[in-house]
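Open the model in your viewer and keep the sequence panel beside it. The stops below are given in the order in which to select them.

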Amino acid sequence: MVTNYASDQSQYESGFSHHALQTELDGRVTYDDQSVLTRLRVSSIDGRFVNACKVTLQIKLAEDIKTLKSLAAAADGRSVEDLENEADAEAEEKDSPRFGRKKSRRELQMYGPLERILEHIARAESLQGQGAEAFDRVFCRQSAISTPDQYHTLGFPRFAPDFSLIRDRSLLQLPPAHQRGWCDRDGFIEVKPSSKQHAYPTVAGGPASYLLARAANDARLHLSGRPFSVFSISLLIFGCDFCVCIFDRHGVTVSPRYHMWDDLDIFIRVVRSLTRVLDEHEVGLDPSVSPAPDTMLLNGAQAYIVDPIGSDPRRWCTLRDPIWSSLSLFGRGTTVWRVRALDADNKLCGPEMIMKTSWRSSDRDSESFVYHAIKGRHPGLAKYVVGADVTFPDNEYNRITAHALRGTTLGPNKLTSVLHRIVIETLGRPGWEYHSERELLEGFIAALEAHQFLAEQKILHRDISAGNILLAEDPLRQESAGFLTDLDFARLESDIEVKITETVSPPRGYGAIPSHLHGPSTRTHTKFGSQRGGQISGTLQFLSRRLLEAMVSGKPTPPTTAEDDVESFLWVLVYAIYRRICCLDVGTSEAQKKLRRAFSKSFGGRTSEEILEARRVTIWSLTDAPLVIQHTSEPLRYLLRQYQFTMVLAAERSYGALPNGTYMPDTPLFVNVSGNAVFTHESLLSALRSVLNQLREHPELDHRFD
C-alpha cells in the first residue's frame, strides 16, 4: 500500500483532485445500503413528532420549500457539465480564497432556505414521552465557521463543506478564534442544485460521481481533524433529492436515494437523529475512547481516555493535541499522541509515552508482531511497550473492524480493516522541529543506523517518511539523538520465529466446563513466518525515484529494497529542512508566502508523475531561496547541492534529455551502479557524518533555532 503525505488542498492551492479521489474510491463504495439509516437510528424518532414537524415545516417554511423546488427545477434543465462550469464562471471573489472552493450562485442561493429548514427540524419541540434527546448539535453554513490552521499538519486546508454539523450549539457563542474547526464537527452536508449531480455512478460499475468525490475529500479532512474518528457521516443534497454516506478507512456506504419532499418524513428523521439523538460514538468516535472530564483539560486541549490495550490493564490519557494525524482517507489513518497512564482515581501517573493508533488490513500481521520479531535492541529504534488490536469495550474478544462498525457480516476470504494500537516509551518530536543542524543530523544518523540494524535481520521498514523519523526529546534516556518508529509496513524477508502471548476467550460448548476455565486465560505459542503483503509500500512523497518511475510506467512494480528506503531518508531530510524554515516568522510576508508556495508545490504532489516532476524542477528552487540561504549552514547546503546535481542528472536521463552513455559520477551520497545513482547505508551515513563533523569542529557554522 502507498499512502499520500500531502493534502489534496492547502491554504495555497484551491483545487482538489477529483480524478485522484475517483481512483481511491474505485471498488470501495457500497450503494443503496439500507444499513446506513439503521446506523443513524432513524426509526427511534417518534412518529408523532415526525408528523407534527412535517406539518409545521410545510406551513411556516412554505416559501423556502418553494424556492428550493424552483432552484432545483431550473438546474435540472441544464447539463451537468454546464452546472459544474458555472462555479468557475460565477464564483464570487470573496468566497474562493477563504474556503478553497468555488460555488455557483445556484448553490449559494440554496443555503438560506436549507439552513432554516435544518434549524426548524433540529429545534422543533419534543413531544412528551418522546424519549431522551441529550444533544444539541446544529448545522451551520460554511460562512459561519472558522477553519484555522491545524498544528499537526502544515498547510491543513482552509476549507469547509457547505454545512457543518457543530457538536454543540454553545460553541457558536465563542469568538471565531475559539471555534477550532474540524475537531468540533460531527458531520457535514454537501449541496448541489440539480438532481443530475447525484452521488451515484452514471453507469453500473462506473467511477464515483463528482459529488461523492467532493464528500470523500470532506471526510478525509474530517477523519484527520476530529480526534479518534473511526467514521464520518455526510448528508448529500442534490436538487430535491438526498442520501446519506458513511465514510470509514475501508470504504463508503451510501444509502438509497430519497426525495426531500416526497420522503420528507425520512429527511426529518435523518436531521433530527444527527442533531439531537446520536451519541458521540454513533457519530464516529472510537468506541474504546471517551472524552476526559473538563477537569483534565491540558493547555485548553480536550483530553481523551483510552481503554486498556491488550492484556495490559492500564488506561491512558492523551496530552495536548495530536503529534501527527494522517490526511489520507483510506488505509492506515495513523494518529500519534502523547499519553500518560491513569490510576484507579483517574490521576495521571507514570512517565509520558507515545501512543499510535492505525488501521491494518486483516490479511497482514500487526505492527506488534514485527516488534516481537526483532532480536536485540538498538538505541535508534523506538522502545516498544505494548500493542494489540483494539476491541469493543463491551466485548474484549470482538475486535474493532470497519465491518464490525458497519454491523455487517464479513464473508469468507473477505478482507476488512482492523484497528490497532501500540504504545512506545520513546518521546520524540518531528524532524522539522530541530533546534540546530547538529541535532538534526545526529537524529537522522541514529535513525538510519537503526534501519541498517533491522535490515541486517532481514526486516525492511518500507515506509520512511517525515512522520517516522523523530528527534528524541530526552537523548540521554533514549541513548540517541533520534529514532526510527512505525514498523506497520515492515516486511520480514524470511521466516521468523516469534513467541506470542495472547488472551483467549473462555470455552463455549455442551457439558460441564471446569471451574478454572470459566474466565479468560492466556496462552503462549510460537509463530513461524509472517503475513506482510504488498511489493511497494510507503508514503508517496518520499518514495525513491526508482519506485515512482515504476509506478508511472504501468509495468509490474518491483519490491522495495533497502536502497529505496535509504533514498527516502534523504527526501525526508530535505523536507525537514525546508519545513523548518517555512515555520519561521522571519523575512517579509512576500518571501514567506513565496517559500511556502514552493514548499507546498514540492511536497504536495498527488500523483507519482507530479512528484517526479517536482523533484526534477521545483524542489531545487528552494535550495537557493533567500530564506533558505539565510537559515542553513554552508556544509549543509553543499550536501543538498550534491544531492541536487546527481538527482537532476538522473531525472534528465529518465526524461530522455541525456543519452544513456552520459557519465554518472560517484558522490558521497551515491554509488554509481550501471549509470544509476544508488543509495546505500554506508554512503549516506558517510556523507551525513562528514557534514556533522564539520559542524562539530566549527560550531560557529551550525545554524541554531533557539
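Which helices do the buried residues of α3 pack against? Select α3, residues 47-60, in this predicted model. Its buried residues pack against α4 (62-76), α7 (105-123) and α9 (264-277).

**Stop 1: helix α3.** The helix has 14 residues and spans 20 Å from its first C-alpha to its last, close to the 20 Å expected at 1.5 Å a residue. Show the side chains of F49, V50, C53 and L57, the buried residues of α3. Now look down the helix axis: the buried residues fall within an arc of 95°, so they line one face of α3. Then go to the start of the helix and select D46 and R48. There a side-chain oxygen of D46 comes to within 2.8 Å of the backbone nitrogen of R48.

**Stop 2: strands β3, β4 and β5.** Select β4, residues 163-166. F163 and L165 point one way from this strand, S164 and I166 point the other way, and all are buried. Add β3 (residues 138-141), which runs antiparallel to β4 and is joined to it by four bridges. One pair to pick out is F139 with L165, its bridge partner in β4. Next add β5, residues 185-192, which also pairs with β4 in the antiparallel sense, over four bridges. Here the bridge partner of S164 is F188.

Stay with F188 and select C140 as well. The two residues are 48 apart along the chain, and their C-alpha atoms are separated by 9.1 Å. C140 lies in β3. Is C140 buried or exposed? Its relative accessibility is 5%, so C140 counts as buried, the cut-off for buried being under 20%.

**Stop 3: the nonpolar cores.** In soluble globular proteins, nonpolar side chains tend to be buried together. The largest nonpolar core here has 75 residues, and the members that touch the most others are L484, F569, I577 and Y578. Select helix α15, residues 562-582, which supplies the largest share of this core, 13 residues.

Centre the view on F569 and display its contacts. Leaving aside neighbours within four places in sequence, F569 is in contact with F444, A447, L448, H451, I464, I469, L484 and L684.

Finally, select M110, L165, C240 and I268, which are included in a second, separate core of 54 residues. L165 was already picked out at the previous stop, as the bridge partner of F139.

Definitions and conventions
Residues numbered from 1 in each chain as written. Predicted model: local features only at pLDDT ≥ 70, side-chain atom pairs only at ≥ 80, totals over all residues. Heavy atoms only, no water. Helix = DSSP H or I, 4+ residues; strand = E, 2+ residues; numbered from the N terminus. Expected span 1.5 Å × (residues − 1). Buried < 20%, exposed > 50% of the residue type's maximum accessible area, 1.4 Å probe, protein only. Arc of directions from axis to C-beta. Contact = heavy atoms within 4.5 Å. Polar contact = N/O pair within 3.5 Å; in protein donor to acceptor, adjacent residues only side chain to side chain. Core = buried A, V, L, I, M, F, W, Y, C linked by side-chain atoms within 4.5 Å. Pairing = 2+ DSSP bridges.
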